[in-house]
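Here is a short briefing to read with the model open beside you. Please have a look at the chain first, then follow the bullets topic by topic.

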Amino acid sequence: MLLARQARVGLVLRRGPSRQVCTLAWDRTSDIFSLGQWLKGSIYEDLSDLSPDGKYFIYFALNGRWKSETGGSWTAISQVPYLKAIALYRTNAYWAGGGLFTSDRTYWLNSDQSENPLIRTTLVSRDQDFDPATACGGHGNYFGRLIRDGWTCIEDFKNAKSDQSFIFERPLRRGWTLRKISHVQIDRPQGKRINWDEHELVHFVSGRCEAHPDWEWADVDEMRLVWASGGKLLAGRIDDQGLGATEVLYDFNDMTFEAIKAPY
């Protein structure tokens with residue numbers, strides 16, 4: 001999930017089966033979801049971003065077609081919730097794509113990308129001066145986005161030679177805090193990417209800590225907590241005792257690939 005900073009808009013990246021992903025717009029006021037497009041490939045959410053007004057999406061994708069015009073991986077900017085590029089850059093390395101929006105109509109590109117786009121647009125423009133936050137190990141794209149959006153990096157540590165973890169926290173209500181443990185792990189668990197997150201709810205006054213290892217993503221959406229687990233998007237409220245009643249906002253499990261044409 002990606003949440004727009006200045007609009008009640010979200011974008012869902014629904015993955016699976018392997019090397020298939022689709023996008024859905026999420027109206028966070030009505031909790032209505034609108035299907036965008038499917039891609040036969042992978043989109044890396046940690047290297048992606050929404051514009052503050054929720055109208056544009058910058059993403060890094062890979063399909064492994066190494067002899068194609070994009071070289072098998074690319075950075076694109078599209079109109080939410082679709083994937084069709086209005087700006088397209090060929091990337092020169094496996095993990096060097098993606099970017100961040102610096103305003104509604106300007107964006108920063110991650111390193112090692114072609115200076116000459118394959119597709120150009122006048123709707124948005126490149127920000128050449130922006131330098132993302134480099135706290136917590138210098139993972140500027142994803143960690144810079146977390147810090148920008150209200151998370152605080154409180155610690156980084158190494159569990160093993162191939163596993164480095166970074167702890168981020170975001171305050172909730174009633175003395176509770178949402179903790180995100182972000183792993184950069186070569187020998188990761190089955191089904192996880194090199195970058196993967198786990199979450200906890202922590203109450204520092206009482207010392208309570210509730211682990212939620214099944215939450216693939218979690219964040220704060222105004223007065224509620226929202227998270228992804230088991231192919232579903234859920235929401236709940238925090239009270240004195242912790243997480244109260246929860247509801248399923250959408251179940252994405254039964255979705256299958258469709259060839260959809262963007263309206264632009």
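E45 counts as partly exposed, at 23% relative accessibility. Please keep in mind that this is a predicted model. E45 also forms a salt bridge with R15, and that pair is a handy place to start.

**The E45 and R15 pair**

- The closest N and O atoms of E45 and R15 are 2.9 Å apart.
- E45 lies in strand β5 and R15 in strand β2 (residues 9-15), so the salt bridge ties together parts that are 30 residues apart in sequence.
- R15 has a relative accessible area of 41% and is partly exposed, because partly exposed covers values between 20% and 50%.

**The D53 and R105 pair**

- D53 and R105 meet through their side chains in a salt bridge, at 2.8 Å from N to O.
- The pair ties together parts that are 52 residues apart in sequence, because D53 lies in the loop between β5 and β6 while R105 lies in the loop between β9 (99-101) and β10 (106-109).
- Is D53 buried or exposed? D53 counts as buried because its relative accessibility is 17%, and the cut-off for buried is under 20%.
- R105, for its part, counts as partly exposed at 30% relative accessibility.

**A salt-bridge network**

- R224 forms a salt bridge with D221, with 2.9 Å between the closest N and O atoms.
- Both R224 and D221 are buried.
- Which residues are joined into one network by salt bridges that share partners? They are R8, R28, D31, D221 and R224.
- For the overall tally, the structure holds 14 salt bridges.
- As general background, side chains of opposite charge can pair when their charged atoms come close.

**The four-stranded sheet**

- Strand β5, where E45 lies, belongs to an open sheet of four strands in the order β5-β6-β7-β8.
- The pairing in this sheet is antiparallel.
- β5 (42-50) and β8 (85-90) are the edge strands, and each of them pairs on one side only.
- From one strand to the next, the twist averages 20 degrees.
- Within the sheet, how many bridges link β6 and β7? Strand β6 (residues 56-62) and strand β7 (residues 73-79) pair over seven bridges, in the antiparallel sense.
- I58 stands opposite I77 in β7.
- In general, strands of a sheet pair through backbone hydrogen bonds, in either a parallel or an antiparallel way.

Key: Residues are numbered from 1 along each chain as its sequence is written. This is a predicted model: local features need pLDDT of at least 70, side-chain atom pairs count only at pLDDT 80 or more; totals for chains, interfaces and linings use all residues. Side-chain values use heavy atoms; hydrogens and water are left out. Two strands pair if DSSP finds at least two bridges between them. Helices (H or I, at least four residues) and strands (E, at least two) are DSSP runs, numbered from the N terminus. Axes are lines fitted to C-alpha atoms, for helices over the stretch in contact, and angles run from 0 to 180 degrees between N-to-C directions. A salt bridge is a side-chain nitrogen of Lys or Arg within 4 Å of a carboxyl oxygen of Asp or Glu. Buried means under 20% relative accessible area, exposed over 50%, partly exposed in between (1.4 Å probe, protein chains only).
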